[in-house]
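Visitor: Hi, I'm new to this one. Could you walk me through it?
Guide: Sure, let's bring it up and chat as we go.

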Amino acid sequence: MGRVLIIGAGGVATVAAHKVAQNPDVFTEIMIASRTKAKCDAIVKAIGNPNIKTAKVDADSVEELVKLLSDYKPDIVMNLALPYQDLTIMEACLQTGCNYLDTANYEPKDVAHFEYSWQWAYKKRFEDAGLTAILGCGFDPGVSGVYTAYAAKHHFDEIQYLDIVDCNAGNHHKAFATNFNPEINIREITQKGQYYEDGKWIETEPMEIHKPLTYPNIGPRESYLLHHEELESLVLNYPTIKRARFWMTFGQQYLTYLDVIQNIGMSRIDEVTYEAPLADDPTKTAKVKIVPLQFLKAVLPNPQDLGENYEGETSIGCRIRGLKDGKEQTYYVYNNCSHHEAYLETGMQGVSYTTGVPAMIGAMMFLKGIWKKPGVWNVENFDPDPFMEQLNKQGLPWHEVFGGDLEL
Ligand code: NDP
């Protein structure tokens with residue numbers, strides 16, 4: 001049905017590549033391209049399908065991307081590299097007539113700030129070119145938006161209160177590790193919190209608001225209010241929303257480490273000068289510039305290596321209150337994903353799994369012609385039903401609770 005190019009070879013890309021390969025009726029030709037080609041080759045070896053092609057590309061370079069896209073001519077590019085590469089890949093897609101999908105919105109490297117405006121600015125160019133760009137198609141953002149669209153379509157006349165709740169109750173037996181790219185993750189959670197209420201965005205200090213929430217099959221876990229990108233598009237697409245918030249669980253040990261990392265300056269994203277030994281003569285030194293957070297990433301456990309001993313599960317969902325037929329209704333839709341089962345299937349832990357599977361389903365929706373419309377779109381702009389059907393088939397089954405206590 002279609003030719004897909006996956007860019008990136010990290011945890012999320014590994015899962016997406018496994019799932020793409022499991023659906024050969026839809027994905028008839030596959031290429032994985034990343035900065036380090038050996039990592040692409042290792043994924044192909046793990047999948048055991050020698051027909052999958054690999055290539056080296058620096059996705060910060062529009063020129064290199066244009067060359068690769070012109071040679072391979074994919075129907076859709078799945079950007080599973082880092083948010084820094086979103087705009088260069090979108091630009092290359094426009095120059096070569098390719099459709100686009102990603103899982104995280106653009107962030108400039110030198111400012112820890114994420115918002116959709118940079119990518120929404122490409123809407124007219126994608127429309128004019130007759131190309132589709134699907135933004136934020138992981139779990140959150142991604143399935144969180146599809147769940148909301150499904151709730152709006154089937155269970156509510158008016159969504160009024162939306163809380164996205166993300167719990168990782170897993171244990172990887174490391175003192176401190178992040179579940180996806182450490183640099184992106186630490187930038188995200190050390191920012192100020194933000195939520196939407198009565199037409200306004202309200203800013204909080206980082207981790208200022210928290211409360212225990214009860215997660216299915218897990219129990220109560222302290223949950224912290226963060227700003228999360230999908231809130232930005234959801235409050236625009238569902239204007240009846242009075243309040244929208246995002247909650248994520250963190251253990252006490254994780255927060256203690258994070259506090260230390262911040263207090264000693266290791267979460268800084270500006271350059272510092274460091275006197276480093278020369279590679280060819282370690283008795284001599286030279287001044288080099290390093291970004292502390294990038295250095296920290298180099299010494300932290302690699303999220304891709306957490307899978308083997310990871311126990312427990314994630315639970316991510318939407319808790320929604322609103323009106324149906326004039327009456328107040330509550331609705332909770334969620335998925336629980338076992339880290340160990342994800343590892344057995346793909347070699348990766350649950351956080352990579354819950355992101356890579358929806359990315360594959362988004363690309364599948366496009367290739368089947370169901371999620372295909374020129375422009376730049378968030379996932380809730382498309383029909384949620386066929387996506388929800390695939391979640392059940394592709395390893396992320398969902399459950400619904402009507403009329404329960406949302407605790408929020
Ligand atoms: P990893 O760090 O494991 O993987 C990133 C990959 O991108 C690496 O293979 C890296 O190459 C490659 N890469 C980085 N820079 C470039 C470049 N300039 N050119 C080519 N390739 C490059 O990250 P994850 O797999 O954990 O995360 C991938 C994406 O998924 C991120 O954008 C993250 O924010 C997003 N995400 C989204 C979630 C959601 O639910 N929506 C949840 C979790 C993650 P190399 O191997 O050489 O370093």
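Visitor: At what angle do H1 and H13 pack?
Guide: About 50 degrees, and the axes of H1 and H13 are 7 Å apart. Keep in mind that this is a predicted model.

Visitor: What do you call that arrangement of H1 and H13?
Guide: Oblique. Angles under 35 degrees would count as roughly parallel, and 65 to 115 as roughly perpendicular, so H1 and H13 are oblique to each other.

Visitor: Is the crossing of H1 and H13 left-handed or right-handed?
Guide: H1 crosses H13 in a right-handed way.

Visitor: Which residues make the contact?
Guide: From H1 you have Gly11, Val12, Thr14, Val15, Ala16, Lys19 and Val20. H13 brings Ser352, Tyr353, Thr355, Gly356, Val357, Ala359 and Met360. Sorted by class, the contact of H1 with H13 has eight nonpolar, five polar and one charged residues.

Visitor: OK, let's switch to the ligand. How many residues are around it?
Guide: There are 34 residues around the ligand, and Gly10, Val12, Ala59, Gly138 and Phe180 come nearest.

Visitor: Which elements give two or more residues to that shell?
Guide: Helix H1 (11-21) and helix H13 (350-367) do. Val12 turns up in both stories: Val12 is among the nearest residues to the ligand, and Val12 is also part of the H1 contact with H13.

Visitor: How does the shell around the ligand split by class?
Guide: You get 16 nonpolar, 13 polar and five charged residues in the ligand shell.

Visitor: Back to H13 for a second. How does H13 pack with H14?
Guide: H14 covers residues 385-393, and H13 packs with H14 at about 135 degrees, with axes 10 Å apart. That makes H13 oblique to H14, and the crossing of H13 and H14 is right-handed.

Visitor: And which residues meet there?
Guide: Ile361, Met364 and Met365 of H13 meet Pro386, Phe387, Gln390 and Leu391 of H14. The class tally for the contact of H13 with H14 is six nonpolar, one polar and no charged residues.

Visitor: New topic: how is the chain divided into domains?
Guide: Into domain 1, which is 143-252 + 303-348, and domain 2, which is 259-299. The C-alpha centres of domain 1 and domain 2 lie 33 Å apart.

Visitor: How many residues are in contact between domain 1 and domain 2?
Guide: Five residues of domain 1 are in contact with seven residues of domain 2. On the side of domain 1 that touches domain 2, there are two nonpolar, one polar and two charged residues.

Visitor: What about H8 and H11, how do they pack?
Guide: H8 (residues 182-189) and H11 (residues 292-299) pack at about 125 degrees, with their axes 9 Å apart. H8 is therefore oblique to H11. Pro182, Glu183 and Ile186 of H8 touch Leu293, Gln294, Leu296 and Lys297 of H11.

Visitor: Last bit, the backbone. Is the peptide bond from aspartate 140 to proline 141 cis or trans?
Guide: That peptide bond is cis, with omega near 10 degrees. Proline 141 is in the loop between strand S6 (132-135) and helix H7 (143-154).

Visitor: And what's phi at aspartate 325?
Guide: Near 50 degrees, so to speak a positive value in a residue other than glycine. You'll find aspartate 325 in the loop between strand S15 (313-324) and strand S16 (327-338).

Methods. Residues numbered from 1 in each chain as written. Predicted model: local features only at pLDDT ≥ 70, side-chain atom pairs only at ≥ 80, totals over all residues. Near = placed C-beta within 6 Å. Helix = DSSP H or I, 4+ residues; strand = E, 2+ residues; numbered from the N terminus. Nonpolar A, V, L, I, M, F, W, Y, C, P; charged D, E, K, R; others polar. Domains from an automatic or database assignment. Contact = placed C-beta atoms within 7 Å. Axes fitted to C-alpha atoms, helices over the stretch in contact; angles between N-to-C directions. Parallel < 35°, antiparallel > 145°, perpendicular 65-115°, else oblique. Left-handed = near helix turned anticlockwise from the far one by under 90°.
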